[in-house]
Amino acid sequence: MSDEQAQPTIEDLQAKNEELLNNWKRAAADFENYKKRKEAERPEMFAMIQEMTAVRLLPSLQSLEQVLKFAPNDEKYKGWIDGLKATILQLEKAMEELGLKKIATVGQKFNHSLHEAVEHEEGDGDMIIREVQPGFTLHDKVIIPAKVVVGKSSSAKATEDEKEKGTAA
């Protein structure tokens, strides 16, 4: 009788086999789901890394552009200035490859979602006259709005002057 209890029956072995097979199928399905999830997360992760890289490099690019604006217009600095321009172009190209684009400004119609008006001057109404600081988008998402000077028509200026006279009285 001890031999019968020690030896599993065919039904017991089939049940154990079925249990192990089901566990293996579940594990294989879990692994496939894991691979699909990771594959779906990859583009999202890549976009986030691109954005982080661009955002961290952007202040350096802006600083170099500011240095160039105030660079001395002297022949003895020409080589230095040319090198700075080449560095800026190289950095701009790398940023473009990451998906970063400069926002168009001068001559464009003012757009609240892309531009930040820092000043108004006489000129074509709602048209951008001058760029104070460039703005950037990354994959069509505004990272930094462009700071611009916006024109205001003479009729808008007259209306503004009338408002000022009304508040002064």
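Which residues make up the largest nonpolar core? I started there, keeping in mind that this is a predicted model.

**Entry 1: the main core.** I listed 11 residues in the largest nonpolar core: A54, L58, L61, L84, I88, L91, M95, L98, L100, F136 and L138. I then sorted them by element. Helix 2, helix 3 and strand 4 each give at least two residues to this core. Helix 3 supplies the largest share, four residues. In soluble globular proteins, nonpolar side chains tend to be buried together.

I picked L91 for a closer look. Leaving out residues up to four places away in sequence, I found L91 touching L57, S60, L61 and L64. I also noted another core, which lies apart from the main one. That other core has six residues, including I128, A146, V148 and V150.

**Entry 2: helix 2.** I checked the span of helix 2, residues 10-69. At 1.5 Å a residue, its 60 residues should span 88 Å. I read 87 Å between the end C-alpha atoms, which agrees.

Where does helix 2 kink? I put the kink at L57, at about 30 degrees. The proline P59 follows shortly after.

Next I asked which residues of helix 2 are buried. I noted Q50, A54, L58, L61, Q62 and E65. An α-helix has 3.6 residues a turn, so residues three or four places apart point the same way. I then looked at what covers these buried residues. The cover includes helix 3 (78-97), strand 1 (100-102) and strand 3 (128-133). It also includes strand 4 (136-138) and strand 5 (141-144).

**Entry 3: the sheet.** I traced an open sheet of three strands in the order 2-6-3, with mixed pairing. Strand 2 (115-122) and strand 3 are the edge strands, each pairing on one side only. From one strand to the next, the twist averages 30 degrees.

In which sense do strand 2 and strand 6 pair, parallel or antiparallel? I found the parallel sense, over seven bridges between strand 2 and strand 6 (residues 146-152). One bridge I looked up joins H120 to V150 in strand 6. V150 is also among the residues of the six-residue core.

**Entry 4: the whole chain.** I counted four helices and six strands in the protein chain. Along the sequence the pattern reads α-α-α-β-β-β-β-β-β-α. Of the 169 residues, 18% count as buried. I looked at contacts with a separation of 6 or more: residues 24 or more positions apart account for 60% of them.

Definitions and conventions
Residues are numbered from 1 along each chain as its sequence is written. This is a predicted model: local features need pLDDT of at least 70, side-chain atom pairs count only at pLDDT 80 or more; totals for chains, interfaces and linings use all residues. Side-chain values use heavy atoms; hydrogens and water are left out. The expected span of a helix is 1.5 Å times one less than its number of residues. The bend at a residue is the angle between axes fitted to the seven residues ending there and the seven starting there. Buried means under 20% relative accessible area, exposed over 50%, partly exposed in between (1.4 Å probe, protein chains only). Contact means heavy atoms within 4.5 Å. A nonpolar core is a set of buried Ala, Val, Leu, Ile, Met, Phe, Trp, Tyr and Cys residues joined through side-chain atoms within 4.5 Å. Two strands pair if DSSP finds at least two bridges between them. Axes are lines fitted to C-alpha atoms, for helices over the stretch in contact, and angles run from 0 to 180 degrees between N-to-C directions.
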